[in-house]
Number of protein chains: 2
Amino acid sequence: MYRKYFDPLDYNLSADFRLTKLSDLKGRGCKVPREVLHRLLEGLQTADKNGYGDGQHHQGILPESKPTPVVGIGLDSCVIPIRHGGLFLVQSTAFFYPLVDDPFVMGKIACANVLSDVYAMGAVEVDNMLMLLSTSNKMTDKERDAIMPLILQGFKECAEEAGTSVQGGQTVINPWLIVGGVATAVCTQNEIIIPENAIVGDVLVLTKPLGTQVAVNAHQWLENPDRWNRIKSVISEDDVRKAYQRAMNSMARLNKIGALLMHKYNAHACTDVTGFGLLGHAQNLAKHQKHDVSFVIHNLPIIAKMATISKACGNAFGLLQGTSAETSGGLLVVLPREQAAAYCKDIQAQEGYQAWIIGVVEKGGRTAKIIDKPRIIEVPAKDTEGELW
Amino acid sequence: MYRKYFDPLDYNLSADFRLTKLSDLKGRGCKVPREVLHRLLEGLQTADKNGYGDGQHHQGILPESKPTPVVGIGLDSCVIPIRHGGLFLVQSTAFFYPLVDDPFVMGKIACANVLSDVYAMGAVEVDNMLMLLSTSNKMTDKERDAIMPLILQGFKECAEEAGTSVQGGQTVINPWLIVGGVATAVCTQNEIIIPENAIVGDVLVLTKPLGTQVAVNAHQWLENPDRWNRIKSVISEDDVRKAYQRAMNSMARLNKIGALLMHKYNAHACTDVTGFGLLGHAQNLAKHQKHDVSFVIHNLPIIAKMATISKACGNAFGLLQGTSAETSGGLLVVLPREQAAAYCKDIQAQEGYQAWIIGVVEKGGRTAKIIDKPRIIEVPAKDTEGELW
């Protein structure tokens with residue numbers, strides 16, 4: 001179940017080569033502050049469009065009257081009616097910097113992350129992917145030639161696992177290593193779930209645990225005595241490595257089954273949890289609802305021990321406040337109350353992963369909040385020897 | 001006809017703010033060397049695909065047998081059969097760094113550049129664009145807030161001019177300012193010209209003059225006494241500024257009319273001229289032909305005075321060798337001999353811009369070359385007071 005750590009020596013690279021050193025962000029967000037982005041994007045707004053979504057992936061849904069009215073809003077992907085046969089174009093793009101040191105896994109994560117935005121709209125048949133890449137001008141030629149093919153391979157394998165393929169892209173040179181992509185699905189209307197139909201009484205389901213950013217950072221601190229000393233009293237090195245492996249596994253996992261099952265269990269709305277954290281994305285989803293609802297989150301499923309680290313760091317990550325960035329996080333799905341348990345069970349049956357009912361939809365003003373003392377769900381609840389989850 | 005120079009003072013920025021300083025490339029190519037890229041992309045190859053195109057935009061054409069056989073190859077855009085109604089997805093992505101100092105014009109150029117790849121396949125109805133952006137962490141907040149909206153605005157206006165719109169994208173932080181995008185068209189087969197049907201006797205037409213990179217560099221040298229001293233004996237400051245304006249105008253111009261007219265005049269193949277220069281792209285196009293042909297280029301239309309600069313620099317740019325990088329360059333179209341003049345005339349009539357017959361298709365081994373002493377065509381042939389072209 002565990003993946004062997006990436007060893008630079010296996011590729012004749014210096015033992016201290018770290019992919020994550022190829023940007024100066026070191027696990028911190030690469031995101032332009034949300035309010036800055038919203039201000040920027042005002043310039044792209046047109047009168048007939050309601051918004052640019054979560055600010056991170058600023059896709060919009062074009063509420064045009066051709067060929068079928070999509071009265072819509074911006075969320076994770078754009079949904080655009082095209083000229084042909086009542087079809088819609090569902091597209092998203094995302095690119096960022098290395099946050100794990102294994103190049104192959106990094107490629108998988110980048111691919112899963114961009115696909116996730118399309119899955120969040122219920123679209124599961126992706127027609128094409130493009131890959132966005134830059135090599136870093138801080139890499140030696142030898143490093144580049146060893147590392148870049150592994151990233152490509154990871155991205156490609158993940159795309160194939162998703163039933164699609166990578167048929168294009170661009171590669172440039174940059175100070176930081178960039179990896180990302182574009183996912184495109186051409187869909188009929190019934191293949192898309194416009195995420196705006198939450199009603200009072202619905203429940204919120206989350207399909208992956210939180211805490212990826214904390215895990216990734218804690219892992220980097222193993223090589224930074226100053227930082228490590230601050231948390232070593234609350235967690236062992238082994239536990240950090242295990243959390244890191246779990247985070248990698250989780251980020252590289254596709255949200256495809258979760259998206260497919262949204263159709264089976266009549267999901268009313270969905271978003272995926274990424275750069276603005278659980279609460280940020282929940283708020284954005286709430287804002288775009290047709291009805292007077294608000295989302296109240298009671299439970300926080302978190303990769304085991306990451307809540308402890310977050311507390312030991314004075315909540316600097318905002319993990320328990322729902323503001324810690326996630327990469328390639330789970331789907332946050334709004335489901336009819338009577339279907340939610342079956343949805344979670346079906347995911348468990350098909351994928352072997354847990355999903356959790358984490359909150360409820362109440363009457364309200366299109367906002368989202370986490371209750372004062374949310375229940376922390378450690379994921380997994382206990383370790384099984386030799387198993388990740 | 002001339003656009004007023006972008007003045008940082010108009011935006012309360014420091015007088016020496018230069019957009020082109022937000023990368024260290026300063027007009028040099030941001031491209032990964034072609035052979036490195038080809039090696040990298042081998043990892044993405046699948047047995048049923050012929051290639052990844054020009055290496056710069058590594059789009060492929062999937063020669064699947066569904067729903068209509070597209071026996072194809074990789075060029076500027078990918079062309080992928082989709083599940084619905086015999087339709088094809090034509091897509092391309094490109095992103096790079098500032099090469100002119102006017103943010104609005106830079107936005108237009110980035111947009112025209114990515115659209116050009118789709119136009120090169122004959123597809124002119126673009127359904128959607130995504131925008132890829134990064135702010136530079138070397139910008140102050142004030143610079144960012146002044147500059148980024150202008151880039152967005154330029155990109156958006158260019159997309160609107162092309163009859164499409166920008167419905168998504170992503171913005172991150174990077175050491176260098178990144179601007180680029182994704183263009184997507186869903187087309188019927190007869191809207192696409194698979195660029196593989198050149199026959200002996202055809203001629204080559206180019207729709208924009210060469211020399212954009214030389215012009216952009218020469219303009220930067222106005223502020224670099226060392227470099228300026230090397231060329232000031234062969235060109236005046238005024239001529240450099242004029243060439244720079246011409247280059248900006250040319251790079252921001254859409255290749256849409258040229259693409260539309262390819263259908264009217266039965267073009268046999270086409271590519272657009274960008275990072276690998278005229279010869280690089282001609283060679284790539286030649287390589288992908290069905291018949292035993294080669295391309296021989298006799299004429300080089302070049303922005304006025306840029307050939308002189310290139311010679312004064314000891315041909316360091318490779319302009320006369322056809323290897324000087326272009327950004328958002330013209331279409332290189334293979335046309336039946338009897339149609340080529342009418343194609344050029346029609347462009348002139350509709351757009352007011354010249355196009356040129358620059359070479360011929362001969363029997364050969366799918367290569368391309370420029371003859372020993374090509375004729376240099378100065379564009380425009382002479383100055384008209386107050387006019388660019």
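## Close-up views of a predicted model

**View 1. A stretch of chain A with a name from a record.** The end C-alpha atoms of residues 200-368 of chain A sit 13 Å apart, and this span is 44% helix and 20% strand. Keep in mind that you're looking at a predicted model. UniProt, in an unreviewed entry, lists residues 200-368 of chain A as "domain: PurM-like C-terminal". Zoom out to the whole of chain A and you'll count ten helices and eleven strands.

**View 2. Where two domains of chain A meet.** The domain assignment splits chain A into domain 1 (64-192) and domain 2 (202-379). Their C-alpha centres lie 22 Å apart. At the meeting place, 27 residues of domain 1 of chain A are in contact with 25 residues of domain 2 of chain A. About 2100 Å² is buried between the two domains, with carbon and sulfur atoms giving 64% of that area. Hunting for salt bridges between these two domains? The count is zero.

**View 3. The largest nonpolar core.** In soluble globular proteins, nonpolar side chains tend to be buried together. Here the largest nonpolar core has 117 residues, and Val100(A), Met129(A), Phe295(A), Met306(A) and Tyr343(A) have the most contacts inside it. Helix α2 (residues 103-119) of chain A is the top contributor, with ten residues. Domain 1 (64-192) and domain 2 (202-379) of chain A both chip in, so the core lies between them. Take a look around Met129(A): its contacts include Cys111(A), Leu115(A), Phe155(A) and Val182(A).

**View 4. A charged pair on one helix.** Glu160(A) and Lys156(A) form a salt bridge, and their closest N and O atoms are 3.9 Å apart. Both belong to helix α3 (residues 141-161) of chain A, four residues apart, or about one turn of the helix. Glu160(A) is partly exposed at 41% relative accessibility, whereas Lys156(A) is buried at 13%.

**View 5. A charged pair between two loops of chain A.** Glu196(A) makes a salt bridge with Lys290(A), with 3.8 Å between the closest N and O atoms. Glu196(A) is in the loop between β5 (178-187) and β6 (203-206) and Lys290(A) in the loop between α8 (277-287) and β8 (293-303), so the pair ties together parts of chain A that are 94 residues apart in sequence. Glu196(A) is buried, at 9% relative accessibility.

**View 6. A charged pair in chain B.** Arg366(B) and Asp292(B) form a salt bridge, their closest N and O atoms being 3.1 Å apart. This pair links distant parts of the chain, 74 residues apart. Arg366(B) is partly exposed at 26%, and Asp292(B) is partly exposed at 41%.

How values were computed. Residues are numbered from 1 along each chain as its sequence is written. Chains are lettered from A and ligands numbered from 1 in the order in which they are written. This is a predicted model: local features need pLDDT of at least 70, side-chain atom pairs count only at pLDDT 80 or more; totals for chains, interfaces and linings use all residues. Side-chain values use heavy atoms; hydrogens and water are left out. A nonpolar core is a set of buried Ala, Val, Leu, Ile, Met, Phe, Trp, Tyr and Cys residues joined through side-chain atoms within 4.5 Å. Buried means under 20% relative accessible area, exposed over 50%, partly exposed in between (1.4 Å probe, protein chains only). Domain bounds come from an automatic or database domain assignment. Contact means heavy atoms within 4.5 Å. UniProt positions are given in the numbering used here, feature names are shortened, and annotations may be inferred rather than shown by experiment. Buried area is the accessible area (1.4 Å probe) that two parts lose on being put together, summed over both. A salt bridge is a side-chain nitrogen of Lys or Arg within 4 Å of a carboxyl oxygen of Asp or Glu. Lists of a residue's contacts leave out its neighbours within four places in sequence.
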